[in-house]
Amino acid sequence: MCLTCGCGQPGHVHSHDGHSHDHDHDHDHDHDHDHDHDHGHSHDHDHGHDHSHEHASSMGVTHDADLSTARVVQIEQDILSVNNRHADANRQFLKERGIFTVNFVSSPGSGKTTLLARTITDMKEKFPFSVVEGDQQTENDAERIRATGAAATQVNTGKGCHLDAHMVGHALGHLNPDAESVLFIENVGNLICPSAFDLGEAHKIVVLSVTEGEDKPLKYPDMFYEADLMILNKVDLLPYLTFDVDRCIAFAKQVNPDIRILQVSATAGDGLDEWYDWLSARRDATIAAKNRAN
């Protein structure tokens, strides 16, 4: 997990729309989020839950080779426990507003941003979209999304290798997504750490391109186990590759027998109707659940 990759260590920086927050010093954020803050400068957000933001560095996470296994396990549990409290608050905020939220995870270069931009372009007349973009640096992907007309906020994680629920809570304050809309969270390109971090989403979607190895589900089983849907992207390139689709699907089902798999090309358009049907049906179910609760 992130204890060994440096994510969350002193100097860990994340930003929203180019505004960086360096968490290597004491300051707190004043949100209207349901979380408590351990550090103190303030940002006002307009949705109602507070963020208790405890980075790994504040919990004693180091690269000390002498850390016992028990200590490492406890640190991991502490980090995930804090994250899950933020995720629960995010989920409540989204549920109350009928916002259908999916967390896209993949290796770098799988075509996530292209798929999101194509989806928004094709479906924006049906319902509104907003996007949280996660990358270590740059606003490139957020700018690509904004070009479609959708609202997007960039979260730059600095040395971090994934989005966490606290970062997403901040981003929700910047986006203020419309009720009964669709929220896409595009996670940092990484098939390891994002599998462990609940962001408050309804579904994790893992995107795998045919330009990668068909054994990815076996190499990174946690991610494929946690995902509800696998989108096999860039299928228009199959005539030029040696990728074995049936073998890849079998590996994914071996890891997660319940995973659903769609084969698409975000550029050529193959399979997109089935993806759009999946998305629309679950967005409708989210709104129906909100209306029943009210």
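A polar contact here is a pair of N or O atoms within 3.5 Å. I am working from a predicted model.

**Entry 1: helix 5**

I began at the start of helix 5, with that cut-off in hand. There a side-chain oxygen of D164 comes to within 3.1 Å of the backbone nitrogen of H166. I noted the pair as a polar contact, since 3.5 Å is the limit.

Next I looked at burial along helix 5, residues 165-175. Ten of its eleven residues are buried, so the rest of the structure largely encloses this helix. I listed the buried ones: A165, H166, M167, V168, G169, H170, A171, L172, G173 and L175. H166 therefore appears twice in my notes, as a buried residue and as the backbone partner of D164, buried meaning under 20% relative accessible area.

Then I checked what follows the helix. N176 comes after helix 5, and its phi is positive, near 45°.

**Entry 2: strand 4**

I moved to strand 4, residues 129-135. Seven of its seven residues are buried. I sorted the side chains by direction. F129, V131, E133 and D135 point one way. S130, V132 and G134 point the other way. Both sets are buried.

Which strands pair with strand 4? I found strand 6, residues 182-186, paired in the parallel sense over five bridges. In that pairing, E133 stands opposite E186. Strand 5, residues 151-156, also runs parallel to strand 4, and six bridges join the two. Here V132 has T153 as its bridge partner. I traced the connection as well: the chain leaves strand 4, passes through helix 4 (residues 140-146) and reaches strand 5. This β-α-β crossover is right-handed.

**Entry 3: N233**

My last stop was N233, in strand 8, residues 229-233. Is N233 buried or exposed? I put it down as buried, because its relative accessibility is 2% and the cut-off for buried is under 20%.

I then asked what the side chain of N233 reaches. It reaches the backbone oxygen of S110 at 3.0 Å. A polar atom of the N233 side chain also lies 3.2 Å from the backbone nitrogen of A266.

I finished with the contacts of N233, leaving aside neighbours within four places in sequence. S110 and G111 are among them. V207, L208, S209 and V210 are on the list too. V264, S265 and A266 complete it. S110 and A266 thus figure in the contact list, and their backbone atoms are the ones I noted for the N233 side chain.

Terms used:
Residues are numbered from 1 along each chain as its sequence is written. This is a predicted model: local features need pLDDT of at least 70, side-chain atom pairs count only at pLDDT 80 or more; totals for chains, interfaces and linings use all residues. Side-chain values use heavy atoms; hydrogens and water are left out. Buried means under 20% relative accessible area, exposed over 50%, partly exposed in between (1.4 Å probe, protein chains only). Helices (H or I, at least four residues) and strands (E, at least two) are DSSP runs, numbered from the N terminus. Two strands pair if DSSP finds at least two bridges between them. A crossover is right-handed if, with the strands pointing away from the viewer, the path from the first strand over the helix to the second runs clockwise. A polar contact is a pair of N or O atoms within 3.5 Å; within protein, one must be able to donate a hydrogen and the other to accept it, and residues adjacent in sequence count only if both atoms are side-chain atoms. Contact means heavy atoms within 4.5 Å.
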